[in-house]
Amino acid sequence: MFDYPLYLKQLTAGEPVNNPFLDFLQIKVEAVEKGYARFSMEIRPEFLQGAGIMQGGLGIALSSEAAAHAVMSTLAPGENLTTIELKNNFLSMASKGRLIAEATVFKRGRTLVIVDCRVTDETGKDISRSSATLMVIPPKAG
């Protein structure tokens, strides 16, 4: 059983955690509070596609991580989660600087959680908006 409260405590304190994906994309955790997460990521040259624009899937990955961590902050001991759907609208292009993803739990039900995530550049310009549905998996009995 994964200990989400301990993981979030270590992550927000800047302690090493076992999340190779965050490390790989160099995603920084800026805040995690009950039902909210704010992550950021520098656009690196290797993130650009042939036209010099950041490949869109990397922004979606940033949104997905922020959304999942916003939900993690609402889990009870023993609960787990999985993403079952994520819809993204691209609003503008980005090719340099820092992207900021702010995810907020919109509705938390018994098993389904809807999360909204807005990605902006460092000037506040909207880059994308995502809506994700995650499923809460209850603790296994016995």
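**Exercise 1.** Is Tyr-4 buried or exposed? Determine also which aromatic residues cluster with Tyr-4.

*Solution.* The model is predicted: local features need pLDDT of at least 70, side-chain atom pairs count only at pLDDT 80 or more, and totals for chains, interfaces and linings use all residues. Residues are numbered from 1 along each chain as its sequence is written, and side-chain values use heavy atoms, with hydrogens and water left out.

Step 1. Buried means under 20% relative accessible area, exposed over 50%, and partly exposed in between (1.4 Å probe, protein chains only). Tyr-4 has a relative accessible area of 9% and is therefore buried. Phe-2, at 41%, is partly exposed.

Step 2. Rings of Phe, Tyr and Trp (its six-membered ring) pair if their centres lie within 6.5 Å; planes under 30 degrees apart count as stacked, over 60 as edge-to-face and the rest as tilted. The count under this rule is two aromatic pairs. In the pair of Phe-2 and Tyr-4, the ring centres are 4.7 Å apart and the planes stand at 65 degrees, so the arrangement is edge-to-face.

Step 3. One aromatic cluster is formed by Phe-2, Tyr-4 and Tyr-7.

**Exercise 2.** Characterise the surroundings of Ala-70 and Ser-63 in helix α3.

*Solution.* Step 1. Helices (H or I, at least four residues) and strands (E, at least two) are DSSP runs, numbered from the N terminus. Helix α3 spans residues 56-72 and contains Ala-70; Ser-63 lies in helix α3 as well.

Step 2. Ala-70 is buried at 0% relative accessibility, and Ser-63 is buried at 1%.

Step 3. Contact means heavy atoms within 4.5 Å. Leaving aside neighbours within four places in sequence, Ala-70 contacts Gly-35, Tyr-36, Ala-37, Ala-103 and Val-105. With residues up to four places away not counted, Ser-63 touches Asn-88, Cys-117, Val-119, Ser-128 and Ser-130.

Step 4. Between Ala-70 and Thr-104 the C-alpha to C-alpha separation is 6.3 Å, although 34 residues separate them in sequence.

**Exercise 3.** Locate Leu-112 and Thr-133 by strand, and establish how they are related.

*Solution.* Step 1. Leu-112 belongs to strand β5 (residues 112-121), whereas Thr-133 belongs to strand β6 (residues 126-137).

Step 2. Leu-112 has 41% relative accessibility and counts as partly exposed; Thr-133, at 17%, is buried.

Step 3. Beyond residues up to four places away in sequence, Thr-133 touches Thr-83, Ile-84, Glu-85, Leu-112, Val-113 and Ile-114. The two residues of this exercise are thus in contact.
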